[in-house]
Amino acid sequence: MSKVKTGVLVVLGLLWLAPVYLLIVNASKSVDGYDAKTVWKPAGFDLFANFGDAWSKASLGSTLVSTTMYSVVAPVLAVLVGAAAGYAIVVLKLKRGFLWFVFIFGGTIFPLQMILMPLFSGYANSGLYDTRVGMIIVYTAISVPFSAFVMRNFFTGIARSVFEAAVVDGGGLFRIFRSIYLPMAGSALAAIFILQATFVWNDLLLGLTLSQSDSVRPIMPALTGLQSTYGGAALPTVLAGGLLVSLPTVILFLAAQRFFSRGLALGQF
């Protein structure tokens, strides 16, 4: 029975790795040597040349700083706001706390596509359109509900006696939150940050809708310029660009794998 399970897992693993293999193999081919009939067959290794071609044609350098800022600042703010909301609802027993939680988490009920037009209109009228501040605000707002959901569940699992002992020792509410609850929730906070940073980095829809200039536009909308119908880059260049912009999130997962796996269990030690 164990051999059957192992065989099934191996097959599933190979199926999962097949698109990755196709991506790397075809991104490594030369522009002139690419043939759609031989996508499974390796031919040459021009990956780094294609990286440089994609970098220059899509102007990825001008968008990298902005995307990195969005992927760090917005998830950090969302994690802190979500943790504060969970702390207030669960630990401080906020009046009508469950209704507040439903109100916060209700932001995930409607599909993002439904609010694009009013969001665009509001940004255009308020002067936030095509600004870094506006992008950080919207990325933070859409990341808070999930953060609040996870942190509320996490703080529910902490004994009430921890808070009562801290109050008896003379700790203020903010100090208890900063010095006790946030450190205890470190792994859960790290998991939320990784997930939200990955979402922001890979976002295309909001970047296309709320930004225009190269200095503000995220990296994914910039990458779509390689696939334009007229004057678009060759497929190896497009694939190399996709592989290049995906590397930061892969590195993030590998570097924080231990914290992420612990955070999947809501941070329990």
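This report describes the helices, aromatic pairs and selected residues of a predicted model.

**Overall make-up**

The protein consists of 13 helices and has zero strands. Along the sequence, the pattern is accordingly written as α-α-α-α-α-α-α-α-α-α-α-α-α. Taken along the principal axes, the box filled by the C-alpha atoms is roughly 75 × 65 × 30 Å. Of the 269 residues, 36% are buried. Among contacts with a separation of 6 or more, 73% are between residues 24 or more positions apart.

**Helix packing around H9**

Two packed helices are described by the angle between their axes and by the distance between those axes. Helix H9 (residues 186-201) appears in both pairs listed here.

| Helix pair | Axis angle | Axis distance |
|---|---|---|
| H6 and H9 | about 155° | 10 Å |
| H9 and H12 | roughly 180° | within 10 Å |

An angle over 145 degrees counts as roughly antiparallel. With an angle of about 155°, H6 is therefore roughly antiparallel to H9. The crossing of these two helices, H6 and H9, is right-handed. On the H6 side, the residues that meet H9 are Tyr139, Ile142, Ser143, Phe146, Ser147, Val150, Met151 and Phe154. Their counterparts in H9 are Ala188, Leu189, Ile192, Leu195, Gln196, Phe199 and Val200.

The axes of H9 and helix H12 (residues 235-255) cross at roughly 180°, so this pair is roughly antiparallel too. Here H9 contributes Ile194, Ala197, Thr198 and Trp201 to the contact. From H12, the contact involves Val245, Pro248, Thr249, Leu252 and Phe253.

Threonine 198 is one of the H9 residues in the contact with H12. Its relative accessible area is 14%, so threonine 198 is buried. Leaving aside residues up to four places away in sequence, threonine 198 touches Thr249 and Phe253. Both Thr249 and Phe253 are listed on the H12 side of the helix contact.

**Aromatic pairs**

The structure holds 14 aromatic pairs. In one of them, the ring centres of tyrosine 70 and tyrosine 139 are 5.9 Å apart and the planes stand at 45°, so the pair is tilted. Tyrosine 70 belongs to helix H3 (residues 60-91) and tyrosine 139 to helix H6 (residues 132-156), and the pair links distant parts of the chain, 69 residues apart. Both tyrosine 70 and tyrosine 139 are buried. Tyrosine 139 is also among the H6 residues that meet H9.

A second pair is formed by tyrosine 87 and tyrosine 181. Their ring centres are 5.4 Å apart and their planes are at 65°, so this pair is edge-to-face. Tyrosine 87 lies in helix H3 and tyrosine 181 in helix H8 (residues 173-184), so the pair ties together parts 94 residues apart in sequence. Tyrosine 87 is buried, with a relative accessible area of 5%. Tyrosine 181, at 2% relative accessibility, is buried as well.

Tyr87 and Tyr181 also belong to a cluster linked by ring pairs, together with Phe154, Phe155 and Phe177. Phe154 is in addition one of the H6 residues that meet H9.

A charge also sits over a ring in this model: the charged end of arginine 152 lies over the ring of phenylalanine 101, at 4.6 Å from the ring centre.

**Alanine 85**

Alanine 85 is located in helix H3. The relative accessibility of alanine 85 is 15%, so this residue counts as buried. Not counting residues up to four places away in sequence, alanine 85 touches Ile104 and Ala148. The C-alpha atoms of alanine 85 and glycine 97 are 9.3 Å apart in space, while the two residues are 12 apart in sequence.

**Positive phi values in loops**

Lysine 93 is not a glycine, yet its phi is positive at about 50°. Lysine 93 is found in the loop between H3 and helix H4 (97-105). With a relative accessible area of 55%, lysine 93 is exposed.

Aspartate 130 likewise has a positive phi, near 60°, in a residue other than glycine. The loop that holds aspartate 130 runs between helix H5 (116-126) and H6.

Conventions
Residues numbered from 1 in each chain as written. Predicted model: local features only at pLDDT ≥ 70, side-chain atom pairs only at ≥ 80, totals over all residues. Heavy atoms only, no water. Phe/Tyr/Trp six-rings, centres within 6.5 Å; stacked < 30°, edge-to-face > 60°. Helix = DSSP H or I, 4+ residues; strand = E, 2+ residues; numbered from the N terminus. Buried < 20%, exposed > 50% of the residue type's maximum accessible area, 1.4 Å probe, protein only. Lys NZ or Arg CZ within 6 Å of the ring centre and 35° of its normal. Contact = heavy atoms within 4.5 Å. Axes fitted to C-alpha atoms, helices over the stretch in contact; angles between N-to-C directions. Parallel < 35°, antiparallel > 145°, perpendicular 65-115°, else oblique. Left-handed = near helix turned anticlockwise from the far one by under 90°.
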